[in-house]
Amino acid sequence: MLDCQVEGEGPISITWRRNGIPVATGVKATVLGNGTLLIRNFSKRRESNETDAGEYDCAAQNRYGMLISRKARVQLASLPKFLSHPESVAVDEGGVARLTCQVNGIPEANITWQRDRQHLSTEDPRYTLLPNGVLQITGVRRTDGGLFRCVASNIANTRYSHEAQLSVTVAGSRIYQEPAILSGPQNLTINIHQTAILECIATGNPRPIVSWSRLDGRSIGVEGIQVLGTGNLMISDATLQHSGVYVCSANRPGSRSRRTALGRLVVQAPPEFVQWPQSVSRPAGGSAVFSCTASGVPEPHLIWLKNGKLLTPSGNVKLTNGNTTLAITRITPEDEAIYQCIAENSAGTNQASARLAISQGPELPEAPVGLQATPLSSSSLQLTWEQPTEHVSQQIIGYVLHIRRLGEPDSAELQEAVSKTTFRHEFNNLEAATTYSIYLKAYSALGGSQQSDTITATTLGGVPSSPSFFTKVLNQTAMQVYWELPSKPGKLEGFRLEYRGVSSPDVQGQETFPGHINTHTISHLEPAAVYEIQLVAFNGNGDSPSNRRLVSLAEGGNTAPAGSSCNCDQSDGSMSTLLVGVHSGLACILCCLLFILLGYRRSLFCRKAASWEAPPTLNGVRGLKGHTSENIELSQRCDSTPPPVMVMVEPAPPVRPGTGTG
């Protein structure tokens, strides 16, 4: 569950995105009434490598604009194999032993140790277990010997490392040994308020004394500082002041002999705003400046969003001073929006927002209301709007209507000026059965009002043609549907895709898409089932004829038109039908030629008659005019009455593909 709490003037709509792509809501993902996203059965599908993991953010929108939340990373819990296993070691009695293992888990794995397959208790102060999987044993005894292994576990799994033998050798009399650092501090990067553990374990005889210092000479301090075991340094609730190079020293008691090791600690801090943008109201044509400054370690990077989309500098929009200053000049209604400043670094993100509103002075008219459109013919629309009150209409010098085909860019927009006393206008010379986007502005001597509500209207001329579509089976529970878009924008408003199970009619769904979308993936279907897919295009005149298709989700599933069936055993028969029909046609042509030659030789004017019998279908072979032909009888009636000529034509035997030409 991912929460999204929003405050502002309602109504507020909340949508979710994963990796910048809208999250499809349905059975699996649901947006609750309070804006929370609930994902049921979070999973990764092996066959398609699809996963619910990713970076999620929520978008909240009301009539003033849109805000985007910070991103939340959702990962699939996992515990892969060990990166390193403990290695066997032999240690002198009284010496120091160090065993280590390494594993990367999501979330971070909890690591414990076993000796001879029994849980190892760390209550003995000689045993020190570090969170990164290091086991330290000081003052080793013979009873410490055995087979050691580490156990890593998280919510995903539990894994056991290989076993390593700890052998304890008994020395008659321990000889003198110079101090040596068995393992020193490693470079470490953490976020502020986290805990840092710097390892340092040393050997020698006599046992060396471990101490810590900073390379810059500053004091380590005592608050939040603790020693683990015989020399590991732990810094709790780290601050930016704890960043630096730490020196671990191993000293032989009573002498100046020592060994040192260095490790760098870097403490990061997520961005915090020093100055954040403030909402302002400015008149059209004026200027506005937003300032945004943030601090953090490392130095934060600033980006700006406008109504949830990345802001691109343009002619009147400038970003300066490392994106800390946003300046907008010659303000137009298109600049009215919610602007977000987002500061981000490797430690985290932060954001602040401000709104730019265009102040409507008394000299600027109010936006027209009540705009409506009525189709008059296949090439004309009638527009009407409400007459403003008298004190408003006195300022107005005229109206401008803006129209463009739905789906075309703003640059293709057409404009028509209308008298201030007119509240009705006809657009002519339009295309038939085409949907248009229309809005209206009122103008005074000092400028234009904000635009009216945008409406859509469709000229008469019929519904869109039936769209052609295709399907692709992705797996046994999902398919992709894609279709052709019209060659010209505006020929339709959108598409409606419906699907239902053939064997389970209760399993069905419906999706509606705008006119520029031409693909959709249907998932979470019944495994290996057969579905009927129906696609229609629609505009203001109604729906197109439906186009239907049957799709089988079985492995290697095929697609067929609705109501048809596939019987591969009949493929040879259909080929035979075609070949026999060709042979029958050729036979008829030969008969006609023979008839003409006979008549020419007798030089007689004959009254010719032809007839043929149409017995029941023979082997499914179709002949002339759709009747089955087994023989053709030609007769002549002449003055000299020659004997009748009978020509018998036998159909050619069926030829199966690949067996010959026949």
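How do the residues of the lining of the second largest pocket divide into nonpolar, polar and charged? The split is 5 nonpolar, 8 polar and 9 charged. Here Ala, Val, Leu, Ile, Met, Phe, Trp, Tyr, Cys and Pro count as nonpolar, Asp, Glu, Lys and Arg as charged, and the others, Gly among them, as polar. Keep in mind that this is a predicted model, where local features need pLDDT of at least 70, side-chain atom pairs count only at pLDDT 80 or more, and totals for chains, interfaces and linings use all residues. Residues are numbered from 1 along each chain as its sequence is written, and side-chain values use heavy atoms, with hydrogens and water left out.

**The pocket**
- The second largest pocket holds about 930 Å³ of space.
- Among its 22 lining residues, Asn307, Pro333, Glu334, Glu336 and Gln451 come closest to the centre.

**Leu135**
- Leu135 is buried, with a relative accessible area of 1% (buried means under 20%, exposed over 50%, partly exposed in between, using a 1.4 Å probe and protein chains only).
- Leaving aside residues up to four places away in sequence, Leu135 touches Ala97, Arg98, Leu99, Trp113, Leu120, Tyr127, Thr128 and Phe148 (contact means heavy atoms within 4.5 Å).
- Ala97 sits 38 residues from Leu135 along the chain, yet their C-alpha atoms are 8.1 Å apart.

Terms used:
1 Å grid on protein atoms, 1.4 Å probe; cavity = no way out; pocket = protein on both sides within 12 Å on 5 of 7 lines; lining within 4 Å. Points joined across faces, edges and corners; volume = space filled by probe spheres on them.
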